[in-house]
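Q: Could we go through this structure together? I should like to begin with the overall fold and then turn to particular sites.

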Amino acid sequence: MIKILSAVVLISASLFAQDFDTFLNNALKNSTYLKSSNLSIAQVRQQGLAMTRYKNPSLDLEYSEFRPDASADDNGYRAAITQPIRLWGVNSDTQAYVDASIKKTESTYSLSYAEFTRDISILYTEYAKQKRQLELGNEELSIAKNIYEISEQRSLAGTISKGLMLQAQVDYEMAEIKTQTLNLDIQETYFELLKFAGISKEIELEYNHEFKLISDASSLINPDINYLKSYKEEAKADVTLNSNSVKWIDLSAEYEIEPDQNVMRIGASIPLTIFNTSSEEMQVAKLEADKTALLIENEKAKISIENIKLKKQRNLLKILKSKNEETLKTQTKLLKMFEDGYKIASINLLELQNIKNRVIKTKESLIKIDTALNQNAITTNYISGAYNE
């Protein structure tokens, strides 16, 4: 009856457990870290509007009093307006720099988005691995309990010594301790996962998600490369902007009323680029662009060799998984034979425990291999740009 109720509880939990895709989407949607990063885009857009806006005009008003002699005086007035005007080429260069800055901020957000997706996926695989290890721990506990119960019966019947029976009991108790330790490890990883996802309450989470490689990643771009390219484009736009040694001129119009005449003036004030030609700023921006170009080439080389490593690793893991699965089939048959043999005293306790430990070790290896395959797929997808926003 207890076993039936346990099965019902497990089925109910699995029905209401949140799958990984839903969990990830909620985490991406609710992440304050990503929201903060996304606000940077709006912030840079506003800064761009500030850079491209025109300066305010200035108005001068004057009153004059003329006294040609002590007996008479006259009044005069002057009004002047000055408007700074950005040169036509500078305006387009400024807009190009603003556009490049916005694109860099967007690529920064895309990089944060991809890194968040990768990191939460990796953390999830660790949680899933530990949950599967706990399942295996319970299976090991069940086997150890069965062996212990058989040993008790054989000890009472006098076919084995009490020492061997106690050895089976110790093996069973150690399996219980292992299971409890796994429970502690799972709790630690589980709450780390929730904290990373920005979730403030406990949720039921399934742990059998399989991460697959993105089939067509040819049109995607690595998020780190994308960021570096946008950084380079911003630096190049900065070079072009600073190549304009004169960015503004002042146009002025003036009207003056004097006692004997009215004067109207129109003029322009043009700065002379004698001492400050912005050549240093332009050179700094050019060096930054050149430096970023080298970083892009270095990143491409790293990605290329990383892809080769991941591909070879994946192939080897698949071969290893296949071999372990074949071995497990044989070991499972052998364990069943040894358990039946131990009941009729044709197999000793040490032989039975040895094959039991081999079965558990092979299953542990399969869990680690599956975890490695999932993490391999996650890293490969990240590199290919599959996690870009």
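Q: In what order do the elements of the protein run from the N terminus on?
A: The order is α-α-α-β-β-α-α-α-β-β-α-α, that is, eight helices and four strands. Helices (H or I, at least four residues) and strands (E, at least two) are DSSP runs, numbered from the N terminus. This is a predicted model, in which local features need pLDDT of at least 70 and side-chain atom pairs count only at pLDDT 80 or more, while totals for chains, interfaces and linings use all residues. Residues are numbered from 1 along each chain as its sequence is written, and side-chain values use heavy atoms, with hydrogens and water left out.

Q: Why is the protein described as more spread out than a compact globule?
A: Its radius of gyration is 38 Å, well over the 21 Å that the globule rule gives for 389 residues, so the protein is more spread out than a compact globule. The radius is taken over C-alpha atoms, and the rule is 2.2 Å times the number of residues to the power 0.38.

Q: What box do the C-alpha atoms fill?
A: Along the principal axes, the box is roughly 145 × 45 × 30 Å.

Q: And what percentage of the residues is buried?
A: Buried residues make up 37% of the 389 residues. Buried means under 20% relative accessible area, exposed over 50%, and partly exposed in between (1.4 Å probe, protein chains only).

Q: Which contacts account for 80% of those with a separation of 6 or more?
A: Those between residues 24 or more positions apart; contact means heavy atoms within 4.5 Å.

Q: Turning to pockets, what is the volume of the second largest one?
A: The volume is about 290 Å³. On a 1 Å grid over the protein atoms alone, a pocket is an open set of points where a 1.4 Å probe fits, with protein on both sides within 12 Å along at least five of seven lines; lining residues have an atom within 4 Å of a point. Grid points are joined across faces, edges and corners, and a volume is the space filled by probe spheres set on the points.

Q: Which residues lie nearest the centre of that pocket?
A: Of the 18 lining residues, Arg-132, His-209, Glu-210, Asp-370 and Asn-374 lie nearest the centre.

Q: Which helices each supply at least two residues of the lining?
A: Helix H4 (88-157), helix H7 (279-343) and helix H8 (349-384) do so.

Q: Let us take those helices in turn. Is Gly-137 buried or exposed?
A: Gly-137, found in helix H4, is buried, with a relative accessible area of 3%. Not counting residues up to four places away in sequence, Gly-137 touches Thr-179 and Leu-182. Gly-137 and Thr-179 are 42 residues apart in sequence, yet 5.4 Å apart in space, C-alpha to C-alpha.

Q: In helix H7, what does Met-282 touch?
A: Beyond residues up to four places away in sequence, Met-282 touches Val-239, Asn-242 and Ser-243. Met-282 counts as partly exposed, at 29% relative accessibility.

Q: And in helix H8, is Lys-361 buried or exposed?
A: Lys-361 is exposed, with a relative accessible area of 59%. In contrast, Gln-353, also found in helix H8, counts as buried at 8% relative accessibility. Gln-353 touches Gln-167, Ala-168 and Asp-171, again not counting residues up to four places away in sequence.
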